[in-house]
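Student: Could we go through this structure together? I would like to learn how its features get their names.

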Amino acid sequence: MAVNRTPVLKRCRSLGLDPVYLGINKKSTRQLKRANRKVSEYGLQLREKQKAKFIYGVLEKPFRNYYERADRMKGQTGENLMRLLESRLDNVVFRMGLARTRKEARQIVDHKHVLVNGKCVNIPSYLCKAGDTIEIKEKAKESKRYGAILEITGGRVVPAWLDVDQEALRGTIKELPSRDMIDVPVNEMLIVELYSK
């Protein structure tokens, strides 16, 4: 699998993104040395796409597939795209507070610690549906890792579309989120404009 090894804070600076959206509390004191040149319309669209890909940890080909799937769905393509990205299993685990970052959530899913409706799922891109119950396996619950994670994520606000019992390391998806429930600083309309050229 392709891995982007660029330091996270450096990438956040270049995209003008707050690391908090990735679950990282660090702040960079460096300033980006960028000439005050005008960014083209294409440049703005590309930056929004790169932001969305970086936040959700999706590579180009799967991201394009999400866009094509969102385009075939009813409703606005941009809103559908954000809903699909938000309903990925690794993102849902992160939103529930069972992982500090989305990368850690991806690793937890990869290591077969997550049950969806009682069945083990180890595919981070698995799309969850409304009514799905997501929990950590009984065997994995005993590890110290989740105690340390809950100490950090305990104060994090859980989105309204999720119902979470953090003590039991379990949660339910009440409904798929609408765009106003998704607090990601991405202008999805620019992504739609980029792909519809």
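Student: How do the residues of the lining of the second largest pocket divide into nonpolar, polar and charged?

Tutor: Happy to help, and keep in mind that this is a predicted model. The lining of that second largest pocket has 12 nonpolar, 3 polar and 5 charged residues. Its space is about 430 Å³, and among the residues nearest its centre are Phe94 and Asp183. Phe counts as nonpolar and Asp as charged, so those two fall into separate groups.

Student: What makes strand 4 and strand 5 a pair?

Tutor: A pair needs at least two bridges. Strand 4 (residues 162-165) and strand 5 have 4 bridges between them, so they qualify, in the antiparallel sense. One of the partnerships joins Val164 to Gly171 in strand 5.

Student: How do you know that strand 3 pairs with strand 5?

Tutor: By the same test: 3 bridges join strand 3 (residues 133-136) to strand 5, and at least two are needed, so these antiparallel strands pair as well. Here Thr133 has Thr172 of strand 5 as its bridge partner.

Student: Which residues of strand 5 are called buried, and why?

Tutor: Gly171 and Ile173, which point to one face of strand 5 (residues 170-173), are called buried because each has under 20% relative accessible area. Arg170 and Thr172 point to the other face and are not buried, so they do not fall under that 20% cut-off. In a regular strand, side chains alternate between the two faces of the sheet.

How values were computed:
Residues numbered from 1 in each chain as written. Predicted model: local features only at pLDDT ≥ 70, side-chain atom pairs only at ≥ 80, totals over all residues. Heavy atoms only, no water. Buried < 20%, exposed > 50% of the residue type's maximum accessible area, 1.4 Å probe, protein only. 1 Å grid on protein atoms, 1.4 Å probe; cavity = no way out; pocket = protein on both sides within 12 Å on 5 of 7 lines; lining within 4 Å. Points joined across faces, edges and corners; volume = space filled by probe spheres on them.
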